[in-house]
Amino acid sequence: MVSHVQPPAPYPHKLIRHPETPINTSPTPWLTSVHATQRRGPYGSASYRGNCSGYLIKDLIRYFDVQRVLDPMTGSGTCNDVCSELGIECVSFDLQQGDDACSVSSYKGLGKFDFVWLHPPYWRQIVYNDDPRCLSNAPSLEAFVERLGDLLDCCSSVLNPDGKIAVLMGNYTQRGRYLPLTYLTMQEAIRRGLWPACTEIIRLQYRNSSSSKTYLSSFIPGVHDTCMVFGSA
Ligand SMILES: C[S@@+](CC[C@H](N)C(=O)[O-])C[C@H]1O[C@@H](n2cnc3c(N)ncnc32)[C@H](O)[C@@H]1O
């Protein structure tokens, strides 16, 4: 008999109380290294697979005082909706409309940006289509990381000198092998001449598609993905 009812931990763990934070001059003092909003906000489409809440994007745009945004993997347009609400220009495209974010030709004539929001596929966790250019169709982990690097190079080429690139990435297990995609992303970004601009941000995932499933195996469920913000090294 398998039950969805989670046995209680021997200590309180469901209500996550945020640790105290030092007072500082941040325009978004609630933005810390843990982002936990249980609601997704009126941004993008909840039914688009792999979609995330818009609140983290909104906090980052306000923290970095951003004026012009690029979202080259826009999916259902969460980032674009956040920018519309904030009255900020956002240029967005997706392979679904035929534009490859890993090709320099897609960036011609777009001008410069001070913030790029990147929410790529977490390799094969969700396969979006059968287009070989899609990051979810990279034939190997190495090919995925290499293409991610090309994506970062393309975005760096349209970044203002103080601009930032935020990448939201998650880890998962595939056929028994844990894939630390966030660490590989960080490594590749540094290899391509970028450097972290602030702490990485752990984003807690509420109500994702696997949270209501039952598995007959034992594992430690991953309940977060990680946002890494880069500037030039
Ligand atoms: C995690 S989803 C993004 C979800 C999005 N943040 C939203 O608001 O719905 C990843 C997206 O990357 C797109 N994608 C994958 N490879 C791409 C490529 N080479 N060029 C452009 N878009 C790509 C997919 O089509 C998919 O829409």
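Is Asp65 buried or exposed? That gets its reply in Figure 4, and every view below comes from a predicted model.

**Figure 1. Here is the whole chain, built from 4 helices and 10 strands.** Start at the N terminus and the elements come in the order β-α-β-α-β-β-α-β-β-β-α-β-β-β. How compact is the chain? Its radius of gyration is 18 Å, close to the 17 Å that the globule rule gives for 233 residues, so the chain is as compact as a globular protein of that length. Along the principal axes, the C-alpha trace spans about 60 × 45 × 30 Å. Of the 233 residues, 43% are buried.

**Figure 2. Zoom in on the ligand and you find 24 residues around it.** Those that come nearest are Tyr48, Ser76, Thr78, Asp94 and Ala101. What sort of residues make up the shell? It divides into 11 nonpolar, 9 polar and 4 charged. Look at Ser76 again: one of its polar side-chain atoms sits 2.7 Å from an oxygen atom of the ligand. Thr74 joins in with its backbone, where an N or O atom lies 3.3 Å from a ligand oxygen. Leu95 also uses a backbone N or O atom, this one 3.1 Å from a nitrogen atom of the ligand. How much of the ligand does the protein bury? Taken alone the ligand exposes 610 Å², and the protein buries 99% of that.

**Figure 3. Now for some cysteines, in a chain with 0 disulfides.** A disulfide is a covalent bond between the sulfur atoms of two cysteines. Why does Cys79 have no such bond with Cys83? The closest cysteine sulfur to that of Cys79 is the one in Cys83, but they are 4.2 Å apart, too far for a bond, as the cut-off for a disulfide is 2.5 Å. Cys79 counts as buried, because its relative accessibility is 1%. Cys198 is in no disulfide either, and its nearest cysteine sulfur, in Cys227, is 7.4 Å away. Cys198 is partly exposed, with a relative accessible area of 29%.

**Figure 4. This close-up follows helix α1 into the loop after it, where Asp65 lies.** Helix α1 covers residues 55-63, and its buried residues are Leu56, Ile57, Lys58, Asp59, Leu60 and Ile61. Asp65 then sits in the loop between α1 and β2 (68-71). Back to the opening puzzle: Asp65 is exposed, since its relative accessible area is 56% and the cut-off for exposed is over 50%. Check out the backbone too: Asp65 has a positive phi of about 50 degrees although it is not a glycine. Most residues other than glycine have a negative phi.

**Figure 5. Another loop, between β6 (172-174) and β7 (177-179), holds Arg175.** What is the sign of phi at Arg175? It is positive, about 45 degrees, although Arg175 is not a glycine. Arg175 is exposed, with a relative accessible area of 78%.

**Figure 6. Our last stop is Ala9, in the segment before β1 (34-35).** Ala9 is partly exposed, and its relative accessible area is 25%. How far is Ala9 from Ile165? In sequence they are 156 residues apart, and in space their C-alpha atoms are 38 Å apart.

Notes
Residues numbered from 1 in each chain as written. Predicted model: local features only at pLDDT ≥ 70, side-chain atom pairs only at ≥ 80, totals over all residues. Heavy atoms only, no water. Near = heavy atom within 4 Å. Polar contact = N/O pair within 3.5 Å; in protein donor to acceptor, adjacent residues only side chain to side chain. Areas by Shrake-Rupley, 256 points an atom, 1.4 Å probe, with all protein chains shown as cover. Nonpolar A, V, L, I, M, F, W, Y, C, P; charged D, E, K, R; others polar. Buried < 20%, exposed > 50% of the residue type's maximum accessible area, 1.4 Å probe, protein only. Helix = DSSP H or I, 4+ residues; strand = E, 2+ residues; numbered from the N terminus. Rg over C-alpha atoms; globule rule 2.2 N^0.38 Å.
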